[in-house]
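Visitor: I should like to go through this entry by question and answer. May we begin with the strands and then turn to the helices?

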Amino acid sequence: MTGASIAGPALAYWLARYGFDVTLVERAPSLRTGGYAIDIRGTAIDVIDRIGILPAVRAEHVVTRQATFLNAQGRQVARVNPEDFAPRVGDRHVELARGTLTSQLFALIRSQVKHRFGDVITSLSDTPNGVDVGFKSGARERFDLVVSGEGLHSTTRALVFGPEASFSRYLGYCFAICELPNKFGLRSEVVIYNKPGKAALLRSTSDGPTLFALFAHRRPPPSPEEFEDPQRQRNSIASAFADDGWQVAEMVAAMQDAEDFYFDATTQIHMPAWSAGRVAVLGDAAFGPSFFTGQGTSMALVGAYMMAGALATHAEPTVAFASYEAATRPYVAANQRLVKNGSNVIAPGSSVALWARNSMIRLAPLLNRLGVLGLLDPTRGAFEALALPDFDRILCR
Ligand SMILES: Cc1cc2nc3c(=O)[nH]c(=O)nc-3n(C[C@H](O)[C@H](O)[C@H](O)COP(=O)(O)OP(=O)(O)OC[C@H]3O[C@@H](n4cnc5c(N)ncnc54)[C@H](O)[C@@H]3O)c2cc1C
C-alpha cells in the first residue's frame, strides 16, 4: 500500500484486521499532520464507527460559528450559522483537520503494519504469482498486491495505467491554499469573498494564531512549467486577485510569504478500471472528486472498507478487485456528480450563478425551519449512496 494520508492508512487498517501482512510506503519523510479541515459524511461515518474511533474523531470536530459571504465590494451578502443546516447533516457529519484523522488512523496500525517513509515505487512488474516492485531507495521486493493511495498525482498509477492526463478532467478553476497569521480577527468562522468565477476564502478553525486562506479562480489549465514553479504559481494568484476589494490585497501579500503554499488545478479523476492484474488504485488516485465536493475523504474511507472486505472474502485478487469496483462505483459516481453544486457554492462562475447562490443562502434558514431544505438539497442521497456490507459477519468474526 502506498500513500499514508487517508486511503492508505484506512486500507492498511482493514487489511491488517483481516489478517493480511501489510507494508505502507509514504513518499514524505514522516507522517504529514495538521492541515486544512476535511469532512466525513454519511456512509463514511459508519466506516469510522466500525473502525472504533468515532468518539475520538468527534472530539476533534471543528466548530464553525458562522459563515459570512461578501460581494465584490466586500459588503456582507449573507451570514449563516451551522445550526441553520443542522437537521440536514446532523450526526452524519464530522469536520476535522486532515492530519488529525491521518494521525488517528496511523496510531491504530503503527504496530500492526510495516511502514516505510521517504520512499516511492519506481518500477513494477506484475507476474502470475506476485508483483515485483523496485523502490527509489534501491530496495526490491515481491508483494501479492500493490494498491496506490497516492492522491491525484499518483506516480505508481502512471507506471501501470498510463499518464495522469488520460484520467484527469480539468474543472476550469485553479486554487491555492496556505496558512496565514490570523491578522483578520476571525475566530472559528469562514468568510468568503466572491466575484463571478472567483473566491478568496479565510477559514479560522480555532482561536489560534493562524488560519487558512484559499484562492480559487476560473482560468485555462496551468502549463507543465507552472506546475513546477511555485513562484510562478504565487504570481498567477497575485495577478488574478490584484484588483479585488475587501482584505484580498492583505491576503495576497501574506500568501506571497506563506511557507506551506499549495497550488493545484481543480480536477476529477475518472478511470475506466481501478485495477489491472494485482495492482489497484484507491482514494483520490482512483476517483478524486475535487475539493468542490468535500467528499474526497469520505470516498477514500468507504473505498478502503469496500476494497479490504472484497480482498478478505475472495481468494483471487482480480475477482476481489472487480467485486469491489462493481459495488463501489455507483457511490463514487453519485459523489463525483456533486462537483457542480460545490463550485456553485464556493466560486459561482457567472453573475447569474452568484445571484442564485446568494439568494439560496439567504433563504436557507427559512427553508430549513419549514423542513423543505433537505428536499431541495442536491447532495441528498449521494453521501449515503452505499449500504456497507458487514464483512465481519460474512467472515464470522
Ligand atoms: C485544498 C484542499 C481542500 C480540501 N478540502 C476538503 C474538504 O473540505 N473535505 C474533504 O472531504 N476533502 C477535502 N479535500 C480532499 C481530501 O484531502 C482528499 O480527497 C483526501 O485526503 C483523499 O485522501 P487520499 O489518501 O486518497 O489522498 P491524499 O490525501 O492526496 O494523500 C496521498 C498521500 O500519498 C503520498 N504520496 C504521493 N505520491 C506518493 C508516492 N509516489 N509514493 C508514496 N506516497 C506518495 C502523499 O504524500 C500523501 O501522503 C481537500 C483537498 C485539498 C487539496
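**Strands and helices**

Guide: In this predicted model, Leu70 stands opposite Tyr193 in E12.

Visitor: How many bridges join strand E3 to strand E12?

Guide: Strand E3 covers residues 66-70 and strand E12 covers residues 189-195. The two strands run parallel. The bridges that join E3 to E12 number five.

Visitor: Which strands stand at the edges of the sheet?

Guide: The sheet is open, has seven strands with mixed pairing, and follows the order E4-E3-E12-E13-E14-E11-E15. An edge strand here has a single partner strand, so one side of it is left without a neighbour in the sheet. The strands in that position are E4 (76-80) and E15 (262-269).

Visitor: What does the twist average from one strand to the next?

Guide: The order of the open sheet is E4-E3-E12-E13-E14-E11-E15. From one strand to the next along it, the twist averages 20°.

Visitor: Why is H1 described as oblique to H2?

Guide: Helix H1 (residues 7-17) packs with helix H2 (residues 43-51), their axes being 12 Å apart. The angle between H1 and H2 is about 45°. Angles under 35 degrees would count as roughly parallel and those of 65 to 115 as roughly perpendicular. The angle of H1 to H2 therefore makes the arrangement oblique.

Visitor: How many charged residues has the contact of H1 with H2?

Guide: From H1, Tyr13, Trp14 and Arg17 meet Val47, Arg50 and Ile51 of H2. By class, this contact has four nonpolar residues and no polar ones. The number of charged residues is two.

Terms used: Residues are numbered from 1 along each chain as its sequence is written. This is a predicted model: local features need pLDDT of at least 70, side-chain atom pairs count only at pLDDT 80 or more; totals for chains, interfaces and linings use all residues. Side-chain values use heavy atoms; hydrogens and water are left out. Axes are lines fitted to C-alpha atoms, for helices over the stretch in contact, and angles run from 0 to 180 degrees between N-to-C directions. Helices (H or I, at least four residues) and strands (E, at least two) are DSSP runs, numbered from the N terminus. Angles under 35 degrees count as roughly parallel, over 145 as roughly antiparallel, 65 to 115 as roughly perpendicular and the rest as oblique. Contact means heavy atoms within 4.5 Å. Ala, Val, Leu, Ile, Met, Phe, Trp, Tyr, Cys and Pro count as nonpolar, Asp, Glu, Lys and Arg as charged, and the others, Gly among them, as polar. Two strands pair if DSSP finds at least two bridges between them.
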